[in-house]
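Hi there,

Here is the structure I promised to pass on. Have a look at it first, and my notes on what turned up follow below.

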Amino acid sequence: MAPGFRGELQGQDYGAMTALEITAGPGARGQGIALSWAGRSDLRSCKIYRTVAGGTGQTSTLPLTAAGYDDPGVPAGTMVEYRLAASPANTALPVMYGHCLAGREVPLAEDNGGLLLVVTEEMAAAAGREIQRLVDDATGEGWRVTQWVIPPAATVASVKAGISAAWQGGGRTLKSVLLIGHVPVPYSGLIYPDGHPEHRGAWPCDGYYGDMDEALWKDVTVNFSAARAENTNVPGDGKFDASTFPSALELAVGRLDFSRLPAFAPLTEADLLRRYLEKNHAWRTGALAVEPRALVDDNLPTFAEGFSAATRRAACALAGAGSVLPGDYLTPGPACVFGAGIGYGSYDSISGVAGTSQLPSATTRAAFNLLMGSYSGDWDTTNNLIRAMTAAPGASVAAWWSGRPNIPLFLMALGQTAGECTRRAMSPGGTTYLAPGASACGVHLGLMGDPTLRLNSIAPVPQVSAVCCGGRALIEWQSSPAAGVAGYAVFRAEVSGAPFVRCHGGLLQAGLFVDVSCPGPGCRYMVRAVRLETTASGTWWNGSTGRIATPSDSAAGCQFDAWAEMMIPAPAARGDEADPDADGLPNLQEYLAGSDPMLPGCDDACASRGVAGNLELTFSMIDGLTAATFVPEASPDMVTWTPVADVQEVSRESGRIQCRACVPAAEARGFLRLRPVRH
């Protein structure tokens, strides 16, 4: 970071000074939204800005000593974004900003849209199992995931064309893109956001892949030869002219690129990718424990820009005032949700924070890392610190070069994704309610990590099973071990690859649901644990990643009581000996035979005959049942019955077991029967 750039003032911690700690909760009588903060007596102006998603903003001037703001007209389920701007009476001091995305009982995000994984051929082969688990986890959170493996000869142009085609072909429902491996890197601009003129030129620009307005990206005017070849930008070289994003991005973009990190040797790029995907899975399933605080290691507190302010605002939005933990970035200690590492830097280090050479043997403490140091924001370099941060052991799952401008991670406190925070920072018009910062909407902004990650992960249900029978489906699951689960949501996809759609209203309390309109073979069911999250920004319904089951096409795996609940509407008619269809066959026998207890009909599960002086009974039942079975019995007089000793399995096919029971015909006559018996 160039000393003195944007005003270096001694004796103050401007990150702490410029970050107003603003929190939100329900208003009077639980209605609307009420904001609160620590009032001050040294202001010359205090204003609050508010906007509802999709609506127009408004500005209100507040009393100079205000310590709160009531917004009574906000209905439940609505998110409102606020910015508080307080100007000190001392005009030499910077404006202080507080930010909050607030709401009450914001609905569960059931369909997040499309997620495209763009994977290099090498990484697809080396980490296929882990990538598939990522697909499953993201699908379970409501993403419609597709995977595109690109060849080694792929170019920036071909990758962009493929992403654009996926966006158009999917009806513009694609929302996020995750680049896995050393996917070709776009470059753009004539910039030096770190304040070093010798670092002027084109910088990496992954956001280009998220802007579908291709006509706005030109390569005709910038003509500059840089000290470093990668930063050179001349007409027709494939590097774009734009220094700021020319339009709002349609897609959030993140990157997992662990190439050219020799500091981690002997671990390879594939090893580091697999390790990251293990962390990703642990984060999504609630197994990666972090405290709801921010670790701040600010070695440039006297810069008036207040580089740590964005992290402080995010921590306050999540956990309230006073949730910042000062400390050294790599010193062992509690893991935190957010982290700010700030200092003078190089491509592979930030002074006082970390160097790439330290990371292989360190344990990172922050999950979402906002890093600021000279040169390191130019991340397409060997051993680059921003890319390396997510390769390291520990909690780190995402990293940005942040501060010029700020990344609005406060949005995550109400369920927004890391990718959405990045897209907002990149997009013109998306920064209206963000604190001003140098290089606003700069093309250098980028996310190293998964753009679909959210906060407050919930442990999923351990197991789900599903059975289709008689046009109905029975879905059973075990409870999530997570605390505070309010209930469960069951979703159905009509065929493999189709989006999952909620099967019911409200939340289910029991570990069982009957779908009365099972579409049959090819469908899939998913169960998500749901709880109401309470943060310093309000409340929102949060869902775990889902567990998915493909139902069997018979009642083979279905316990009798569950089968009866699925098949028989009236609870009083579900007993073992009850016969709701009055066809002479009790429920337990219909269960074993695989017949419908609500549809009268003959039991064709057995037949008897005399064979060479013996009595022989052949019968069949559903394969795999553990709750009950058929017991063949013999009698000479239909009064005294004894079990048949000679019972043989004939075959297993089409989900049924064929059996034969045989007894000697000692008398002139004899009788055989099948008795359904509970285990």
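The largest pocket is lined by 27 residues, and those nearest its centre are Ala109, Asn112, Gly415, Gln416 and Thr417. Its volume is about 540 Å³. A pocket here is found on a 1 Å grid over the protein atoms alone, as an open set of points where a 1.4 Å probe fits, with protein on both sides within 12 Å along at least five of seven lines; a lining residue has an atom within 4 Å of a point. Grid points are joined across faces, edges and corners, and the volume is the space filled by probe spheres set on the points.

β10 (174-180), α8 (418-426) and β29 (538-543) each supply at least two residues of that lining, and β29 gives the most, with four residues. Helices (H or I, at least four residues) and strands (E, at least two) are DSSP runs numbered from the N terminus. By type, the lining of the largest pocket divides into 11 nonpolar, eight polar and eight charged residues. For that split, Ala, Val, Leu, Ile, Met, Phe, Trp, Tyr, Cys and Pro count as nonpolar, Asp, Glu, Lys and Arg as charged, and the others, Gly among them, as polar.

Before the rest, a word on the ground rules. This is a predicted model, in which local features need pLDDT of at least 70 and side-chain atom pairs count only at pLDDT 80 or more, while totals for chains, interfaces and linings use all residues. Residues are numbered from 1 along each chain as its sequence is written, and side-chain values use heavy atoms, with hydrogens and water left out.

Next, two loop residues and their contacts (heavy atoms within 4.5 Å). His182 sits in the loop between β10 and β11 (187-191). With a relative accessible area of 35%, His182 is partly exposed; buried means under 20%, exposed over 50%, and partly exposed in between, with a 1.4 Å probe and protein chains only. Leaving aside residues up to four places away in sequence, His182 touches Thr120, Arg255, Asp257, Ser259, Arg260, Glu269 and Asp380. Of these contacts, Glu269 is 87 residues away from His182 in sequence but 9.4 Å away in space, C-alpha to C-alpha.

Thr381 is in the loop between β20 (366-372) and α7 (385-389). Is Thr381 buried or exposed? Thr381 is buried, at a relative accessible area of 6%. Not counting residues up to four places away in sequence, Thr381 touches Arg228, Arg260, Tyr347 and Arg387. Arg260 is thus listed among the contacts of Thr381 and of His182.

Tyr375 lies in the loop between β20 and α7. Its phi is near 70°, a positive value in a residue other than glycine, and Tyr375 is buried, with a relative accessible area of 17%. Cys441, in the loop between α8 and β22 (447-449), has a phi near 60°, also positive in a residue other than glycine. Cys441 counts as buried at 9% relative accessibility. Most residues other than glycine have a negative phi, and most peptide bonds are trans.

On that last point, there are cis bonds to look at. A cis peptide bond joins Ala265 and Pro266, with omega about 10°, and Pro266 lies in the loop between β13 (252-256) and α5 (269-284). Another cis peptide bond joins Arg404 and Pro405, with omega about 0°; Pro405 is in the loop between β21 (398-401) and α8.

Now the strands, where two count as paired if DSSP finds at least two bridges between them. One open sheet of three strands runs in the order β1-β2-β5, with antiparallel pairing. β1 (23-26) and β5 (68-71) are at the edges, each with a single partner strand, so one side of each is left without a neighbour in the sheet. β1 and β2 (33-36) are joined by four bridges, and Ala24 stands opposite Leu35 in β2.

Strand β3 (43-52) is mostly covered, with seven of its 10 residues buried. β3 pairs antiparallel with β6 (79-88) over nine bridges, where Ile48 has Leu84 as its bridge partner.

Finally, six of the eight residues of helix α9 (560-567) are buried, so α9 is largely enclosed by the rest of the structure.

Enjoy exploring it!
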